[in-house]
Structures are given as C-alpha cells and as structure tokens.
Amino acid sequence: MSHSREKDTTLPESEDARCVSLIGMPGSGKSTLARELSGLLGWPWLDTDHLLEAWFGVGLEALKERLGRDEFLRCEEELVLDLWVTRCVVATGGSVVYSDAAMRKLQNIGPVIYLQADLEVISSRVARNPDRGLIMQPGQDLSQIHAERKPLYEAYADLTLDTSEHDPRECAQRIARNLELA
C-alpha cells in the first residue's frame, strides 16, 4: 500500500462530501455505531480494522503478533492517510489516535466523534471479543491504555458521546442531530 504520491490532507470540497469518523477505545461501539449511523444517513461505512485485516489477510490479533506494535501503528497510519472517501462513516481502530497525521486526515475529511464509555463497560465488551487485537505496550492493561488514550481522544474530538448510557440507534440519532446531518 506504499505510494509515492503525496498524502491527501485537504478538506472535502463541499459540505456534502464530508465524512464522519468515530474514535474511541476498543469496545466503545465504533463498528456497531458506524453501521447504525450509516443506515440513518444513507451513507456507506467502513471499519479501518477490517481494512487492515483485508490488506494482510489475517485477523487483527494475528496481525498485531506478526507486525509488533510499532509496525502495526505505522500500517494503520498509512491506511488512514490513504483513505479517499466521501459521505462515509469511518470506524477507526482504537489506536489511530497515536498518529497525529492520521488524526489530522480524519479531521480534514469531516467531524470526529469520540465514543466514550465507562471503563467497566469497555472491559465487559472487550472480554466478549478477546481476539480484537489490542495495541498496548508489554505489561500494560486496559485501564492504563484507557488513561493514556482518553486525553488524546478528547483533544481530537469535535463531539463526545457516551455510549454507556444510550443504545446504538439513539447514539446515531444524537450524532446526526448534533452535526445537523439528518
């Protein structure tokens, strides 16, 4: 996926071309909410974790093991920088927030929504899917990752939404109302 062309970091040409990007911890509901918001808006949606799996032909956990943390993060950044989409809901991997370049790209294509959830809710959801490929330093646990990433999510977000308190349909409606998309 390496290209010699310059990475696109320009704004969409019109409001109609903008995307909505969802960021947050694993288990915060990004993929679930992307599907729901996509249906509400009549836009396509994509999940950057699924694109990484398709790019390498293996699941996220296997990919993390194969590449290691730093190379995984580099590939995730390259994938986001290469996105060429309009009127799309983008569910990102939770670690995308470690790349300032990737986050600037997401901000340039449209609003960024931080899906916040209580650590207990995130832990419960992550426990249901142990193969989700959490990117962490050796010895780090979920609460440490949460504490490390939360200020980054908040800094890049145009809107924060608590997914612990509302079902996906209600969360999608709140996003659409807040961004005046529906």
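**Exercise 1.** Work through the aromatic pairs that a search of the whole structure finds, and decide for the rings of Trp55 and Phe56 whether the pair is stacked or tilted.

*Solution.* The search of this predicted model returns two aromatic pairs. In one of them, the ring centres of Trp55 and Phe56 are 4.9 Å apart and the planes stand at 45°, so the pair is tilted, given that stacked requires planes under 30 degrees apart and edge-to-face over 60. As for their surroundings, Trp55 is partly exposed at 29% relative accessibility, and Phe56 is partly exposed with a relative accessible area of 25%.

**Exercise 2.** Classify the pair formed by Tyr114 and Tyr153, and state which elements the pair ties together.

*Solution.* Begin with the geometry: the centres lie 5.1 Å apart with the planes at 25°, and the pair of Tyr114 and Tyr153 is therefore stacked. Next, place the residues: Tyr114 belongs to strand S4 (residues 112-116) and Tyr153 to helix H6 (residues 142-156), so the pair ties together parts that are 39 residues apart in sequence. Finally, consider accessibility: Tyr114 counts as buried at 1%, and Tyr153 counts as buried at 0%.

**Exercise 3.** Describe the largest nonpolar core and the surroundings of Val96.

*Solution.* The largest nonpolar core holds 34 residues, and Val96 is among those with the most contacts inside it, as are Ile23, Met103 and Leu106. Elements giving two or more residues to this core include helix H4 (100-109) and helix H5 (119-127), while the largest share, seven residues, comes from H3. Leaving aside residues up to four places away in sequence, Val96 touches Ile23, Glu76, Val80, Ala102, Met103 and Leu106.

How values were computed. Residues are numbered from 1 along each chain as its sequence is written. This is a predicted model: local features need pLDDT of at least 70, side-chain atom pairs count only at pLDDT 80 or more; totals for chains, interfaces and linings use all residues. Side-chain values use heavy atoms; hydrogens and water are left out. Rings of Phe, Tyr and Trp (its six-membered ring) pair if their centres lie within 6.5 Å; planes under 30 degrees apart count as stacked, over 60 as edge-to-face and the rest as tilted. Buried means under 20% relative accessible area, exposed over 50%, partly exposed in between (1.4 Å probe, protein chains only). Helices (H or I, at least four residues) and strands (E, at least two) are DSSP runs, numbered from the N terminus. A nonpolar core is a set of buried Ala, Val, Leu, Ile, Met, Phe, Trp, Tyr and Cys residues joined through side-chain atoms within 4.5 Å. Contact means heavy atoms within 4.5 Å.
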